[in-house]
Amino acid sequence: MQERAPGGRGMRVAGVLRVVAVLFFCLPDGTAGGEEPPVEFRACLRCHSGIEQLDERHDFECGRCHLHAEDRAADRLASHETVIRNPSSSQYADTFCGGCHREEIVRLQRSLHGTLAGMINQTRFLWGAQTAAEPPVYGMGGGLRPIPDPVKDLPAPVDPSRLVDDFLRRRCLGCHIDTRGPSGYGLYRGMGCAACHTPYDASGRYRGNDPALDRSRTGYAAMHVFERPIGNDRCRRCHRGNHVGADYEGLFERDVSRVYRPHGFGDPLAVNPAEPGFHRLAKDVHAEKGMLCVDCHDSEEVMGDGKVYACQMVSPGRGCADCHAGWDRAVPSSGIPAIVVKKPGLPGDIAVPVDRPAPSEDIDAMAKEDKHCVFMSKAGGGSRHLPLFDRSVPAHGIPGHRRVRCSACHAQWSFQDYGLSVIRLDVLSGYDWYDLTSQGDPDLQDVLEAHLAQGGGTTWPESADRLSGKVRPGIWLTNWRFKRWEWLPLGVDHEGRISVMRPRHQYLVTYVDRNGKVLLDSAIPGRGDGLGKGWAFMPYVPHTIGPVGRSCEACHLNRISAGLGVEAEPTVDTALTKSSEPPLNRFRMLDSREIELLLEPPPEWGRIRLKALGGG
């Protein structure tokens with residue numbers, strides 16, 4: 001079972017610093033009992049004597065970040081309620097952080113972490129609520145329109161396009177950096193800058209030296225510090241379940257039903273890797289080497305470059321060839337300080353950055369010698385050998401492979417989850433959800449378990465809007481029709497390169513009103529452009545990279561890779577494996593010529609395959 005804050009969901013609070021809301025020795029008027037003088041709440045360290053320094057760059061007086069200017073200037077601060085708990089949230093970041101970090105704040109507000117423009121606009125388009133997914137229209141910031149308030153009254157006929165905003169607000173947006181999101185073991189995090197830079201223990205309890213904080217309560221940051229570099233556990237607070245990030249650690253979530261989980265307990269989406277809710281698959285080779293997410297995903301990618309993008313795939317970021325070289329580059333890209341070339345034979349093997357001129361050495365020539373190129377991870381612990389693109393590998397000698405993304409061959413496995421059933425329930429009755437209470441969201445789990453605890457009678461559940469915080473009738477449950485990790489369909493990305501695709505959007509929408517009437521039953525939404533059903537595949541980069549590529553047959557002679565589905569005469573479920581066109585026009589599935597090359601390779605393919613198998 002997941003840990004909860006005492007008193008239920010209302011005890012959750014995110015922030016850099018959690019403090020006791022009322023000092024119990026104080027009376028309501030701010031004076032102390034007996035002859036004690038009035039409490040001056042600007043004297044923070046009188047009570048928080050062991051509080052940690054945020055970091056070396058923020059060695060300020062507490063009030064500079066936690067009090068508005070007028071409260072700092074007041075004769076006396078008589079109330080603790082004026083203290084800003086998390087000055088780095090978007091509500092306060094401009095005021096308290098903008099003086100020094102204006103550029104970063106603007107970039108973050110327009111980044112995908114700040115807007116969630118990809119998730120929002122693609123979902124609305126595929127549910128028929130807008131005519132295109134790109135350019136993005138709606139988002140959480142960055143000058144985009146706010147997601148409309150959900151329709152309160154839904155007279156028949158009900159259409160998915162009229163439900164999508166409610167679905168987004170109550171089921172999807174808990175991962176946004178400025179929403180608190182669900183709280184449960186391994187899910188606690190801050191908001192705003194603190195979402196990434198402030199550590200949280202999996203239990204949500206404070207682990208520092210401040211005597212004023214109650215270590216038995218949940219919802220606290222582990223310590224009052226800002227961290228650099230950011231650890232992978234911080235990323236997985238949101239990049240969990242079957243989404244990029246969990247695969248880096250080799251985690252594939254089990255099905256929601258208890259019967260598919262060891263011992264019948266545990267949250268299949270919990271971040272804590274000790275939880276029994278995952279299949280353990282091969283880790284990414286970079287994870288095996290102990291590298292951090294931020295070793296590859298730098299500030300410009302994570303916090304944006306100031307532009308608004310429609311999805312992660314088209315936003316700026318470092319590629320494989322930048323570090324490992326490739327078809328068009330014999331050495332790593334310059335400008336990556338972590339990549340160095342070691343001078344053999346000198347004391348300590350002096351390291352020289354790849355982009356630094358060295359008159360007495362031919363750095364390019366040294367970098368081409370694989371053994372001399374190393375990567376200095378932000379995780380510490382010394383350097384990692386950096387293997388370079390090997391042109392002697394048979395697959396690397398095929399001209400047609402120049403347009404194949406490295407991950408299309410080197411991904412060891414891929415998330416392939418088919419047919420997402422989403423169910424809006426305004427009434428619960430009986431024990432239908434007995435084995436399905438673990439929805440990856442402790443808030444929903446609370447609702448379902450409370451219903452079961454009442455004996456399975458009729459109840460009318462409620463859930464909160466992640467944006468407004470308002471509680472409204474109804475809950476949203478989700479579950480996949482089936483999941484796989486061995487099928488890797490291929491498509492074409494915005495650069496014309498062959499990429500792994502995944503069925504990110506195959507919605508089947510059900511709605512049961514408070515009277516138990518089924519108004520929608522596994523309805524397939526229609527695309528907003530009127531060109532068919534709202535199902536789609538999207539290109540992505542699996543974070544399951546292995547040191548060698550998969551076999552030739554993993555793509556060639558393979559119906560799945562060609563996007564044709566698992567069988568020629570599909571069932572209701574296996575029809576989901578046939579690829580659907582992406583929601584963004586800049587991506588596409590394979591065309592007939594590309595499919596032919598996969599399924600009917602030329603004669604020389606056999607010779608190359610034999611060579612790859614070691615047959616000479």
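**Strand 10, helix 17 and the aromatic pairs**

User: How many of the residues of strand 10 (residues 475–484) are buried?
Analyst: Strand 10 is largely enclosed by the rest of the structure. Buried means under 20% relative accessible area, with exposed over 50% and partly exposed in between (1.4 Å probe, protein chains only). Helices (H or I, at least four residues) and strands (E, at least two) are DSSP runs, numbered from the N terminus. The enclosure follows because, of the ten residues of strand 10, the buried ones number seven.

User: What kind of model is this?
Analyst: Residues are numbered from 1 along each chain as its sequence is written, and side-chain values use heavy atoms, with hydrogens and water left out. Local features need pLDDT of at least 70, side-chain atom pairs count only at pLDDT 80 or more, and totals for chains, interfaces and linings use all residues, as the model is predicted.

User: Which strand pairs with strand 10 over nine bridges?
Analyst: Two strands pair if DSSP finds at least two bridges between them. Here the sense is antiparallel, and Tyr418 stands opposite Phe482 of strand 10. The partner, covering residues 416–425, is strand 7.

User: Is helix 17 (residues 442–453) largely enclosed, and how many of its residues are buried?
Analyst: Happily, the picture is clear. Among the buried residues are Leu444, Val447, Leu448 and Leu452. Helix 17 is largely enclosed by the rest of the structure, because its buried residues, out of twelve, number nine.

User: What covers the buried residues of helix 17?
Analyst: Contact here means heavy atoms within 4.5 Å. The cover includes strand 8 (462–464) and strand 10. Also included is helix 8.

User: How far apart are the end C-alpha atoms of helix 17?
Analyst: The expected span of a helix is 1.5 Å times one less than its number of residues. For the twelve residues of helix 17 this should give 16 Å, and the model agrees, because its end C-alpha atoms are apart by 16 Å.

User: Which residue with a positive phi follows helix 17?
Analyst: Just after the helix comes a residue whose phi is near 90 degrees. That residue is Gly455.

User: How many aromatic pairs does the structure hold?
Analyst: Rings of Phe, Tyr and Trp (its six-membered ring) pair if their centres lie within 6.5 Å; planes under 30 degrees apart count as stacked, over 60 as edge-to-face and the rest as tilted. By that rule, the number of aromatic pairs is 14.

User: What is the geometry of the pair formed by Phe167 and Tyr507?
Analyst: The two rings are 6.1 Å apart centre to centre, with 80 degrees between the planes. Phe167 belongs to helix 8 (residues 164–172) and Tyr507 to strand 12 (residues 498–512), 340 residues apart, so to speak of this pair is to speak of a link between distant parts of the chain. Phe167 and Tyr507 are both buried. The geometry is edge-to-face.

User: How many residues apart in sequence are the parts that Trp327 and Phe389 tie together?
Analyst: Trp327 and Phe389 form a tilted pair, 5.5 Å centre to centre with 50 degrees between the planes. Trp327 lies in the loop between helix 14 (320–324) and strand 3 (339–342), and Phe389 in the loop between strand 6 (383–385) and helix 16 (406–410), so the tied parts are separated in sequence by 62 residues.

User: Which residues form one aromatic cluster with Phe167 and Tyr507?
Analyst: This cluster takes in the Phe167 and Tyr507 pair described above. The other members are Trp127 and Trp476.
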